[in-house]
Amino acid sequence: MWGKTDRYGRSREQGGPLWNPLLAHCLDSAAVCGELFDHYLATPVRERLVEAFGGGCAPTARRVLMLLTAVHDMPGKVHPGFQRRFVDGSDSNDPELLAAGRNWERAARAAGLPLERTGRPAPPHAHLTARYLPALLGCRCADCVDPTPGGPTDPPRYEGLHTIAALLGGHHGHFPTDTQILDATCRLAEPWLQAQVELLHELARLLRLDLKTLPDLIRPARPAVLPLMAGLVVHSDWLASDESRFTYRRLKTTTDQWWAASRRQASHAVRALHLKRWQPWPDAMWPDLFPGTPQPRPAQRAVIRHAPQRPMMAIVESTTGSGKTESALWLAHQLTVQCGYHGFYLAQATRAASDQLVRRAGTFLRHALADTERANLALVHGTASISAVSDELARGLDDGPLSLAAAVNLTTCDDPTSGSARAVLDRWYLESGRGLLSPFGVGTVDQIVLAAQRSRHWFLRLYGLANKVVIIDEAHAYELFQQHLLGEAIGWLADAGASVIILSATLPNSTRHELIEAWCAGHRSTPSEQTATGPITFVDASGTVATHTPVPDPTDTTPPARTRLLLKADPGPHALAEHLLTTHPRGITGVIRNRVVSATALYRAVADIADAHGWNVREDVLLLHARFTERDRARHQQRLEHLLGPHPDPELRGHQANPARPERFLLIGTQVLEQSLDYCLDHLYSDLAPIDLLLQRRGRLWRHLANRLHLAGSDASPLMRVLFTPGAGGLPHLMHPGGRPIDAYAPYLQAATWHALNQRRSPMDRDEPILLTTPDDTHPLLQTVYAPTPPPGDEAVHTLLSATFTQWQAALAEHLHQADQRSLAPYAKGAPVGVEDLASGWLNGTADDPDRPTHLIARSRLGAPSIDIVCLYQHPAHGRTWDRDGTVPADLNVYHPRREAEAHRRQQREILLNTVRVPAHWFHGTNALPAPPSWTIPSPGALARHPVLLLTPEGLPHDPAEERLAHLTYTPSTGLSR
């Protein structure tokens, strides 16, 4: 039986055959499965698979899983409809391959295989497998075989075989529905049926498995087993399909020789890709893992003292800069020692934050790996392959402490057993969908949100996460839609035996309780406590909730985190620019605005008057928001961290200031400045936002005290100004006349925050700042703003609160409705879900797919998705270039992704670097932009399927004929504006 042809010439380059037999690929997949079972799967995951496929016997489960992985393409490809693709040349017009297909046809006919066309298309091979595999493996129920006269009237039905067949039918991404499986019904000639049986028996012989015992062994009762098993099969299939690691088999050699080669190549592939469980130091102490900060802080000491020794969920709430990330990494290390996870995934709110956290994760792994161990650390988000971190990896530079290459290096993995302990990155993981298969990963929280929604290969996300300690940072920053789906994903992870760590500066009681409930639902337990208040909370599988409070260190000289907070009316961009430049001639000042248009307006106002006040805009001012191309965003972020971050040497940052820190600097931006970027400020201005976000932003004034020695050992209280636009009666103006929110936040939360802070102002002097002490004032403020009902009263502010509260509740209900429509839970009303509940199809598409119905696709967040536009420059002298200066020519030739892989990869990187996200609402209403498909250029080449904005070097649209684009501008300093 034919399996695949040498479409890209790799086999022929190595002197190999033109095509690979189906049995050879089945054996390669089985061998990879065995290696992953032995070396990759986390101990809890393996225990669940052993229970479901081996009756508690690990060697038996291993052989069963290898066989099931091997037959993922059987009987679907042992079918004339599929085999004719080789005969007809459907996969290639290569003359050599066409000739090979004709030769194969003659041999097949000589062997008695009928290859006549039926006149109708064959069902998808994966659906054929789902339809007929149960019968092939031994089920004799009425759905599998036709009743015979005199036979049993009610033959036994092996539900496990039907479940597994449906899972294998989804190995291309979507589990088929019952209807799709029945639609694959067809009648095969006896020679085809005999070929299926012979192939199955040959597999069983090589794997040393008694097929008679198989039906009774397969009992996948636990819901998590379904995505885990499907993920293991796809992982094995993908790796076994890598023609750079697995060679085609020659027909003149025996199948025993094929099997020996499969095992040898699978072992090498798993070793080369570092697909092995983390082997942490069992006796490592805090100073061993964090030599730069050998003395843990109070919150870290509490985590160390009370950490459980078994799978659990931890919630760590502490201020920005208090070391939550290090606490989570220490917990991940300890849980791996106790529970046998293969690594961790550190989830961040944004791509930019993920890029920054990779460095810290890489540094940690240098100390957490055994002396000669290497482990793969992947960056997991949509633009990982073109991030600044990936660029540094690819260059392989080592420029001292600032260079990530000291911790994370791209390696060819020629000898993965040599060298010192470090994290490595193989390009295999940069392909779409593979990042979470890496034992270690840092990426966006979207990957977890999408792991509990139907989309193509959704189960692969869950499989990758379930083998890890999953760390979710910035938990307070997610909308209710995301929080609800995070809860469903946590339920799946709990059922799979994973551990979950939640990090947040602040959490309302309701959010904390919902997270605990989600964890316990996955374990089918009940929380022992309904009112856990943190700040450190541990929950085990039985539902036992334990809370702990850090004990202050009497020898600690760090000043209490007291911040003066002043509510001020926003004077407008020009007056605010004048105030900033004159009030803060020294120090680092940050302004966080709620909208890109407000941040851009302030930057332009500053630029207009900077010279008059002795400021250099290019040197002293930086704007950062979400509407820059990846090329410019990465450059701005790197500059921000270089100037305003800690000392570049981790050994010195605790007590020495960053030598690059300027005497003065003005940073203007949006919400991208508040999450996980490593910088600190001396002066802070923020637009009015929900209280949890204001408290998060306040942390920038207390981060890296070594950079601000004037605060050390003193009672100084930095000042944070909260700006709001006054409306009627002096209340904040939060909505447009039609009731639409002005900002991205719920007006009620802004109004409730304003009211809660206003209540703390001195009645004698309303201009006196409020004094907030962390953590003493954090919890009361949170509970006031997020109370289940608005505060009572008959003043104008209470009327505003009541009106906006109703609107907020309606918005929350819609978030929950949208999440419920999409979510998959392991247990529905306490009963485990079955494979039929997990079915999906092409309408579900891939996650966040703009070409699919928005009410069906998996969504990482609500709201109309942004549109990705590629910016390109047209130079009179240089032609089309990727950069404004004309130094990087735009190569738009079309390269084949396999045959010309390196040129294609470089080109895709340039395209992604020049991509900017345009808000969906710009394409509707007044002055709407033309539809994205119309954004074309002559001779687009590789950009034929991308909307393109062709710009002049000055940042204006190059084509003046399109009037609707004329009001767009793009500059590297201000980004995209309208």
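Gly975 is buried, with a relative accessible area of 0%, where buried means under 20% relative accessible area, exposed over 50% and partly exposed in between, using a 1.4 Å probe and protein chains only. This glycine belongs to strand β27, residues 975–977; helices (H or I, at least four residues) and strands (E, at least two) are DSSP runs numbered from the N terminus. Leaving aside neighbours within four places in sequence, Gly975 is in contact with His625, Arg627, Phe628, Thr969 and Tyr970, contact being heavy atoms within 4.5 Å.

The model is predicted, with local features needing pLDDT of at least 70 and side-chain atom pairs counting only at pLDDT 80 or more, while totals for chains, interfaces and linings use all residues. Residues are numbered from 1 along each chain as its sequence is written, and side-chain values use heavy atoms, leaving out hydrogens and water.

An open sheet of seven strands follows the order β15-β16-β14-β17-β18-β13-β19, with mixed pairing, and two strands pair if DSSP finds at least two bridges between them. Its edge strands, β15 (621–624) and β19 (770–774), each pair on one side only. Within this sheet, β13 (residues 561–569) and β18 (residues 719–724) run parallel and are joined by six bridges, and Leu567 stands opposite Val722 in β18.

Two helices lie across strands of the sheet, as the table shows. Axes are lines fitted to C-alpha atoms, for helices over the stretch in contact, and angles run from 0 to 180 degrees between N-to-C directions.

| Helix | Lies across | Angle |
|---|---|---|
| α26 (residues 630–644) | β14 (587–592), β15 and β16 (664–669) | about 130° to β15 |
| α28 (residues 747–759) | β13, β18 and β19 | about 115° to β13 |
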